[in-house]
Amino acid sequence: MQTVEQIFEQNKTPASLVSAIQAVLTASKDITHLLQKGAMAGVLGSAEAENVQGETQKKLDVISNDLLKDTLKACPVVAGIASEEEDLPVVANNDGEYLVIFDPLDGSSNIDINVTVGTIFSILPSNGGDPAEEATYLQSGRKQLAAGYVLYGPSTMLVMTTGQGVDVFTLDPSSNEFYLTEQQAQITASTQEFAINMSNQRFWAEGVQNYVADLLQGEEGPLGKRYNMRWVAAMVAEVHRIITRGGIFMYPWDNRDVKKPGKLRLMYEGNPMSMLVEQAGGLSMTPDGHIMDIEPELIHQRVPVFLGSKEEVEVAMSYQNK
Ligand code: F6P
Ligand code: MN
């Protein structure tokens with residue numbers, strides 16, 4: 001079995017980019033161990049703070065954020081970081097080459113029930129910009145040099161791309177090393193599985209209402225096939241399922257709160273997942289086009305997301321103008 005280091009070597013990944021990714025992986029191993037200790041580590045439950053999105057932070061959100069922040073700040077090639085759990089960018093090393101943007105613990109409402117969560121990361125060039133300035137980070141998803149996630153499930157897995165396809169690694173608990181377990185993962189073009197939070201149905205726009213109504217009609221409806229539904233409530237787990245066996249994941253715009261056009265965040269959820277999905281042959285869209293084509297205006301901006309198996313995402317998009 002090949003280690004992640006051997007794959008970096010094979011792919012001729014620049015040494016500096018490798019060290020930025022390795023910083024994320026080092027922190028992810030610490031997060032794995034804390035999660036595995038669970039209640040015994042005294043890290044479950046909520047901290048008495050709210051993040052910039054107005055959500056209650058879990059203790060482990062804060063701890064994971066701090067672990068990533070400290071490891072990345074100590075990595076000389078990292079100029080700055082932006083995180084779901086930080087209102088403002090954090091300066092690491094002014095002359096660093098990279099910006100690392102992350103969601104330290106995606107799906108954190110799953111922590112207390114011992115269900116899958118994950119760390120999502122996106123790496124952008126700093127281009128000599130000021131890492132203290134939000135504007136330096138506001139680059140489209142097309143500019144990403146690397147993207148990936150570490151999934152903390154029954155096993156800890158790393159799914160990553162540096163623009164040469166998607167490789168999947170599994171953390172060996174005895175050696176604490178990531179080993180390649182699937183090379184060049186590909187998302188099936190068609191699917192019969194969808195993921196959406198159905199409880200928001202009455203808040204969706206008409207196109208999504210019509211599409212999901214047709215999915216539910218199965219083989220008796222215009223789509224002509226029977227669908228299954230899954231919802232883990234952690235984007236990282238939904239994307240992992242889709243990379244593994246295909247599917248479509250949607251978190252569309254809804255009118256629950258006019259200030260929130262969609263729930264997911266563009267820069268540390270939408271963009272890195274889009275790069276992975278499209279590198280694996282899938283499609284990742286928002287009603288106006290590819291998510292990775294969006295020119296961001298804010299680090300914490302939200303985006304409606306439709307991603308997964310190419311043919312199914314195309315079908316979902318065809319309903320948007322109806
Ligand atoms: O980070 C936001 C997030 O937790 C995603 O991981 C997940 O897909 C979604 O929110 C779950 O949303 P809901 O609470 O509507 O099930
Ligand atoms: Mn998240």
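The protein chain in this predicted model is divided into two domains: domain 1 covers residues 4-182, and domain 2 covers residues 193-318. Taken over C-alpha atoms, the centres of domain 1 and domain 2 are separated by 23 Å.

Let me turn to the boundary between these domains. How many residues of each domain are in contact with the other? On the side of domain 1 there are 46, and on the side of domain 2 there are 34. Between them, domain 1 and domain 2 bury about 3000 Å², and 61% of that area lies on carbon and sulfur atoms.

The boundary also has a polar component. Between domain 1 and domain 2, 13 residue pairs are in polar contact, counting pairs with both residues at pLDDT 80 or more. The count of salt bridges between the two domains is three. I would also draw your attention to the salt bridge that Arg142 forms with Glu278, in which the closest N and O atoms are 3.8 Å apart.

I now come to ligand 1. Which residues surround ligand 1 most closely? Of the 13 residues around this ligand, the closest are Asp106, Asn197, Met235, Tyr251 and Glu269. Sorted by class, the shell consists of seven nonpolar residues, two polar residues and four charged residues.

Several side chains approach oxygen atoms of the ligand. In the case of Asp106, an N or O atom of the side chain is 2.7 Å from an oxygen atom of ligand 1. Trp231 places a polar side-chain atom 3.0 Å from an oxygen atom of ligand 1. For Lys263, the distance from a polar side-chain atom to an oxygen atom of ligand 1 is 3.0 Å. How much of the ligand does the protein bury? Ligand 1 exposes 400 Å² when taken alone, and the protein buries 83% of that area.

To close, I return to two points. The two domains meet across a boundary with three salt bridges and 13 residue pairs in polar contact, both residues at pLDDT 80 or more. Ligand 1, for its part, is surrounded by 13 residues, with Asp106 among the closest.

How values were computed: Residues are numbered from 1 along each chain as its sequence is written. Chains are lettered from A and ligands numbered from 1 in the order in which they are written. This is a predicted model: local features need pLDDT of at least 70, side-chain atom pairs count only at pLDDT 80 or more; totals for chains, interfaces and linings use all residues. Side-chain values use heavy atoms; hydrogens and water are left out. A residue is near a molecule or strand if one of its heavy atoms lies within 4 Å of it. A polar contact is a pair of N or O atoms within 3.5 Å; within protein, one must be able to donate a hydrogen and the other to accept it, and residues adjacent in sequence count only if both atoms are side-chain atoms. Accessible areas come from the Shrake-Rupley method with a 1.4 Å probe; for residues, only the protein chains shown count as cover. Ala, Val, Leu, Ile, Met, Phe, Trp, Tyr, Cys and Pro count as nonpolar, Asp, Glu, Lys and Arg as charged, and the others, Gly among them, as polar. Domain bounds come from an automatic or database domain assignment. Contact means heavy atoms within 4.5 Å. Buried area is the accessible area (1.4 Å probe) that two parts lose on being put together, summed over both. A salt bridge is a side-chain nitrogen of Lys or Arg within 4 Å of a carboxyl oxygen of Asp or Glu.
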